[in-house]
Amino acid sequence: MNDTPRANRLHIGLFGRRNTGKSSMINAITGQETALVSEHPGTTTDPVYKAMELLPIGPVVFIDTAGLDDIGDLGKLRIKKTLEVMDKTDLALMIFSPGNTDFTLEQSWCQELTARKTPIIGVVNKIDEEDVDMGDIEKEFDFPFIKVSAKARTNIGKLKEMIHLNAPMDFELSTLVGDVINPKSLVVLVTPQDIQAPKNRLILPQVQSIRDILDHNSLALVTKDTELRDLLNCL
Ligand SMILES: Nc1nc2c(ncn2[C@@H]2O[C@H](COP(=O)(O)OP(=O)(O)O)[C@@H](O)[C@H]2O)c(=O)[nH]1
Ligand SMILES: [Mg+2]
């Protein structure tokens, strides 16, 4: 999976104050306990990159950031790193928690993202603790919102759908081979299954290439290098 070029992966950045549940959100979406979750604010220091397959989008990278409200010298460094993450982000999740009523900080971070033309989804987390009237928050921002609970896994499926719907168009259009083949043409894929190939399976870029050929209404023939001559003789 890590062979997939960076440009082909949708980079999803999570932003918000400390302790809103950014790391927990990544764990809830990926179904894994990879991001560091702590009840002590400020646990996440360096941005953490987590690559995964998110169906139906395909390969994505989640970027877990430190809270943007960090204070002190170390806090400044974290904020600088978080702004660097914004440069790499294709789609931003802005995380809020229910007690949050002053949106000044969030407004300024959203300005940073909007300046980069990055689409944003607002996520109000921890609704298991306190249900929220979304009207108050929705009128402050001009992007779509969803309320979830990372802990109780409420609305996580809907959040994934929203990520899919709000992903920038060029990711939908990104193609591995479709732009160089014609419909109904025959494409021969040569995939050496050498010692480096994983046992019993094809690697993701190979699978994606086959899918891309099918999506472009072309024909895929797959062979190892050692049988290429036999295949060509069959044509
Ligand atoms: N009740 C509740 N607590 C949550 C939820 N999501 C995260 N937390 C808790 O909030 C605290 C901070 O979570 P964390 O993911 O580390 O926040 P981060 O600083 O934004 O990354 C932890 O104690 C989590 O267990 C949730 O949906 N509901
Ligand atoms: Mg965190």
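**Questions on burial and ligand contacts**

Trainee: Why does Thr65 count as buried?
Mentor: The limit for buried is under 20% relative accessible area (1.4 Å probe, protein chains only). Thr65 counts as buried because its relative accessibility is 1%.

Trainee: For which residues are totals for chains, interfaces and linings computed?
Mentor: Residues are numbered from 1 along each chain as written, chains are lettered from A and ligands numbered from 1 in written order, and side-chain values use heavy atoms, without hydrogens or water. The model is predicted, and local features need pLDDT of at least 70, side-chain atom pairs need pLDDT 80 or more, while the totals use all residues.

Trainee: Which backbone oxygen does the side chain of Thr65 reach?
Mentor: Thr65 is found in the loop between strand E3 and helix H2 (72-88), both being DSSP runs (helices H or I, at least four residues; strands E, at least two). At 2.6 Å, its side chain reaches the backbone oxygen of Leu14.

Trainee: How much of the accessible area of ligand 1 does the protein cover?
Mentor: A polar side-chain atom of Ser23 lies 2.9 Å from an oxygen atom of ligand 1, and an N or O atom in the side chain of Ser149 lies 3.2 Å from a ligand 1 oxygen. Ala150 uses a backbone N or O atom, 2.9 Å from an oxygen atom of ligand 1. On its own, ligand 1 has 580 Å² of accessible area (Shrake-Rupley, 1.4 Å probe), and the share covered by the protein is 87%.

Trainee: Which residues come nearest to ligand 1?
Mentor: There are 17 residues around ligand 1, each with a heavy atom within 4 Å of the ligand. Those that come nearest are Asn19, Lys22, Ser23, Ser24 and Asp128.

Trainee: Which helices supply at least two residues of the largest nonpolar core?
Mentor: This core (buried nonpolar residues joined through side-chain atoms within 4.5 Å) has 24 residues, of which Met25, Ile29, Phe62, Leu93, Val123 and Ile163 touch the most other members. Strands E1 (10-16), E2 (48-54), E3 (58-64), E4 (91-96) and E5 (120-124) each supply at least two of its residues. The helices that do so are H1 (22-30) and H5 (156-166).

Trainee: What percentage of the residues in the protein chain is buried?
Mentor: Apart from the largest core lies another, of 21 residues, among them Phe103, Cys110, Met134 and Phe145. The protein chain as a whole has eight helices and eight strands. Of its 235 residues, the buried part makes up 40%.

How values were computed: Polar contact = N/O pair within 3.5 Å; in protein donor to acceptor, adjacent residues only side chain to side chain. Buried < 20%, exposed > 50% of the residue type's maximum accessible area, 1.4 Å probe, protein only.
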